[in-house]
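Got your viewer open and a selection box ready? Let's walk through this one stop by stop.

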Amino acid sequence: MKAVTTPPPADLPPGLPADLPADLSPGLSPSLPDVDVVLPCLDEAGALPWVLARVPAGWRALVVDNGSTDGSADVARAHGATVVTEPHRGFGAACHAGLRAATADVVCFCDCDASLDPSLLVPFVAEVRAGAADLVLGRRRPEGRGAWPAHARAGNVALARMLRRRTGLRLHDLGPLRAARREALLGLGLTDRRSGYPLQMVVRAADAGWRVTEHDVPYLPRTGASKVTGTWRGTWHAVRDMRRVLAEAPAGRADDREGSRTR
């Protein structure tokens with residue numbers, strides 16, 4: 001199985017497939033309504049205004065507060081976001097709470113630290129809606145000093161190689177910017193509630209025969225300190241969680257998996 005990495009056509013915005021139906025062309029539907037954007041959040045009050053200002057018009061921002069103590073939830077509400085509270089700590093716990101709270105046909109995920117611009121998700125959603133892909137991922141391209149520490153980048157490269165051996169997908173990144181249909185995502189029966197959640201989504205999508213594509217996106221220096229990749233220790237824990245996901249046998253039926261959470 002091969003992930004598709006496609007350069008943008010010269011006459012379309014980056015990431016948009018060339019064969020979009022007319023009702024999804026950039027000129028007719030620039031904001032693609034009925035989309036929920038899940039934004040896992042832990043003490044991101046400083047970054048939230050920038051992030052929420054860039055959520056496309058007509059989309060709903062779901063900020064999942066995962067135990068913030070800096071008033072992130074209040075900031076999110078003040079900027080028009082819907083706040084979901086997830087008391088169980090963990091990146092995967094926050095992401096999955098947002099997925100379950102979503103009601104839109106297409107659900108996107110984006111970090112809440114201002115390292116990624118959620119407006120970049122517009123072509124991702126267009127690709128999913130056009131039926132050109134089942135899961136679209138952003139391949140991070142660092143811009144600015146310190147955007148992607150060397151240890152975090154090295155861990156990502158190692159995981160991408162392990163993913164290729166496990167699934168055959170030729171992805172270059174396992175970044176958090178992504179889009180897929182909500183019901184299909186729930187059908188994957190994702191169980192990881194820590195750092196392995198994004199990888200488990202890709203692994204189980206590959207096992208299910210999904211079409212997975214990736215497109216380059218600019219990756220900016222984050223606002224505030226990273227909870228995962230800011231240190232070698234945090235990166236190691238994330239890699240450990242993801243190695244455990246890669247060791248899973250090919251997924252069985254989703255309803256058999258839903259009850260077993262990975263803590």
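Start by selecting G131: this glycine follows helix α4 and has a positive phi, near 80°. Helices here are DSSP runs of H or I with at least four residues, strands are E runs of at least two, and both are numbered from the N terminus.

Some ground rules before moving on. You're looking at a predicted model, in which local features need pLDDT of at least 70, side-chain atom pairs count only at pLDDT 80 or more, and totals for chains, interfaces and linings use all residues. Residues are numbered from 1 along each chain as its sequence is written, and side-chain values use heavy atoms, with hydrogens and water left out.

**Stop 1: helix α4**

Step back from G131 and select residues 122–129, which make up α4. Seven of its eight residues are buried, where buried means under 20% relative accessible area with a 1.4 Å probe and protein chains only, exposed means over 50%, and partly exposed is in between. The buried set is V122, P123, F124, V125, A126, E127 and V128. Now show what they pack against: β2, β5, β6 (135–142), β7 and β8 (212–219).

**Stop 2: strand β5**

Next, pick residues 106–109, strand β5. V106 and C108 point one way, V107 and F109 point the other, and all are buried. That fits a broader pattern: in a regular strand the side chains alternate between the two faces of the sheet.

Which strands does β5 pair with? Pairing requires at least two DSSP bridges between two strands. With β2 (residues 35–41), β5 pairs in the parallel sense over four bridges. With β7 (residues 178–181), β5 pairs in the antiparallel sense, also over four bridges. For a close-up of the β7 pairing, select V107 and its bridge partner A180.

**Stop 3: strand β2**

Hop across to β2, where seven of seven residues are buried. V35, V37, L39 and C41 point one way, while D36, V38 and P40 point the other. Looking back at β5, V35 has V106 as its bridge partner, and V37 stands opposite C108.

Then look at β3 (60–65). β2 and β3 pair in the parallel sense over six bridges, and P40 stands opposite V64. Add helix α1 (residues 48–53) to the selection: β2, α1 and β3 form a right-handed β-α-β unit. Right-handed here means that, with the strands pointing away from you, the path from the first strand over the helix to the second runs clockwise.

**Stop 4: the cysteines**

How many disulfides does the structure hold? Zero, counting a disulfide as a pair of cysteine sulfur atoms within 2.5 Å. For C41, the nearest cysteine sulfur is that of C112, 4.4 Å away. C41 is buried, with a relative accessible area of 2%. C108 is in no bond because the closest cysteine sulfur, in C110, is 8.9 Å away, too far for one. C108 is buried too, at 0% relative accessibility.

**Stop 5: helix α3**

Select residues 91–101 for α3, a mostly covered helix with eight of its 11 residues buried. Those are G92, A93, A94, C95, H96, A97, G98 and L99. Their cover includes β2, β3, β4 (82–85), β5, α6 (182–187) and α7 (197–207).

**Zoom out**

Finally, show everything: nine helices and eight strands. Of the protein's 263 residues, 52% count as buried. Among contacts (heavy atoms within 4.5 Å) with a separation of 6 or more, 77% join residues 24 or more positions apart.
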